[in-house]
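Biologist: I would like to learn how to read a sheet and a pocket in a model such as this one. Could you take me through them step by step?

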Amino acid sequence: IVCIKQVPDTTDVKINPENNTLVREGVRSIINPFDLYAIEEAIRLREQFSGKVWVISMGPPQAMDALREAVAMGADEAVLISDRAFAGSDTLATSYTISQAIKKIGNFDIIMCGKQALDGDTAQVGPGIAVALKLPQTAFVKKVEQVEKRFITVERMTEDGYDVVKLMLPC
């Protein structure tokens, strides 16, 4: 499962002063660039091990465009979580909501998220999903080294290079 976010294709982001949400009208949107790496890696793993690649996003109806693009890249299934009540959700609410959708999807081995979203820049949603689902997690993955029956080994970027981390599946 790959969690993606549609973000404004600009660094000139405007905030609505009434509700502190992004003003998206008139701004072209794209898949968060860091999420594109996660999609590509998930597709590569599917080609190597079989299975399905799901993409999931929480956002306004226009986020369906990002999901369609991910399917065009090779993802098998797409889920949009959308409701006006989610507008302006913080990272805790977003993590929880996405985790509940992942529970409904059910059978999965790996959840991948991009490093961070360009518009929020918090890098909190991926770890928040892991906490909500009580799953082992690591962040800043540079490379998937090995996938075994019950484990995945990855290179995790650090300030001084990288660590090799082995996680039990699902993660």
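Biologist: How many bridges join strand β4 to β5, and do they run parallel or antiparallel?

Modeller: Please keep in mind that this is a predicted model. In general, the strands of a sheet pair through backbone hydrogen bonds, and the pairing can be parallel or antiparallel. Here strand β4, residues 54-58, is joined to β5 by five bridges, and the two run parallel. If you want one pair to look for, Trp54 has Glu77 in β5 as its bridge partner.

Biologist: In what order do the strands of the sheet lie, and which are the edge strands?

Modeller: The sheet is open and made of four strands in the order β5-β4-β1-β6, with parallel pairing. The edge strands, each of which pairs on one side only, are β5 (77-81) and β6 (112-113).

Biologist: Which strands does helix α2 touch, and which does helix α3 lie across?

Modeller: Helix α2, residues 64-73, packs on the sheet and touches β4 and β5, its direction making about 165° with that of β5. Helix α3, residues 91-105, lies across β1 (2-3), β4 and β5, and runs at about 145° to β4.

Biologist: What lines the second largest pocket?

Modeller: Rolling a probe the size of a water molecule over the atoms shows where empty space is left. In this model, the second largest pocket holds about 460 Å³ of space and is lined by 20 residues, with Ser50, Gly51, Lys52, Asp109 and Ile110 nearest its centre. Twelve of the lining residues are nonpolar, three polar and five charged, while helix α1 (residues 33-49) gives the most to the lining, with four residues.

How values were computed. Residues numbered from 1 in each chain as written. Predicted model: local features only at pLDDT ≥ 70, side-chain atom pairs only at ≥ 80, totals over all residues. Heavy atoms only, no water. Pairing = 2+ DSSP bridges. Contact = heavy atoms within 4.5 Å. Axes fitted to C-alpha atoms, helices over the stretch in contact; angles between N-to-C directions. 1 Å grid on protein atoms, 1.4 Å probe; cavity = no way out; pocket = protein on both sides within 12 Å on 5 of 7 lines; lining within 4 Å. Points joined across faces, edges and corners; volume = space filled by probe spheres on them. Nonpolar A, V, L, I, M, F, W, Y, C, P; charged D, E, K, R; others polar.
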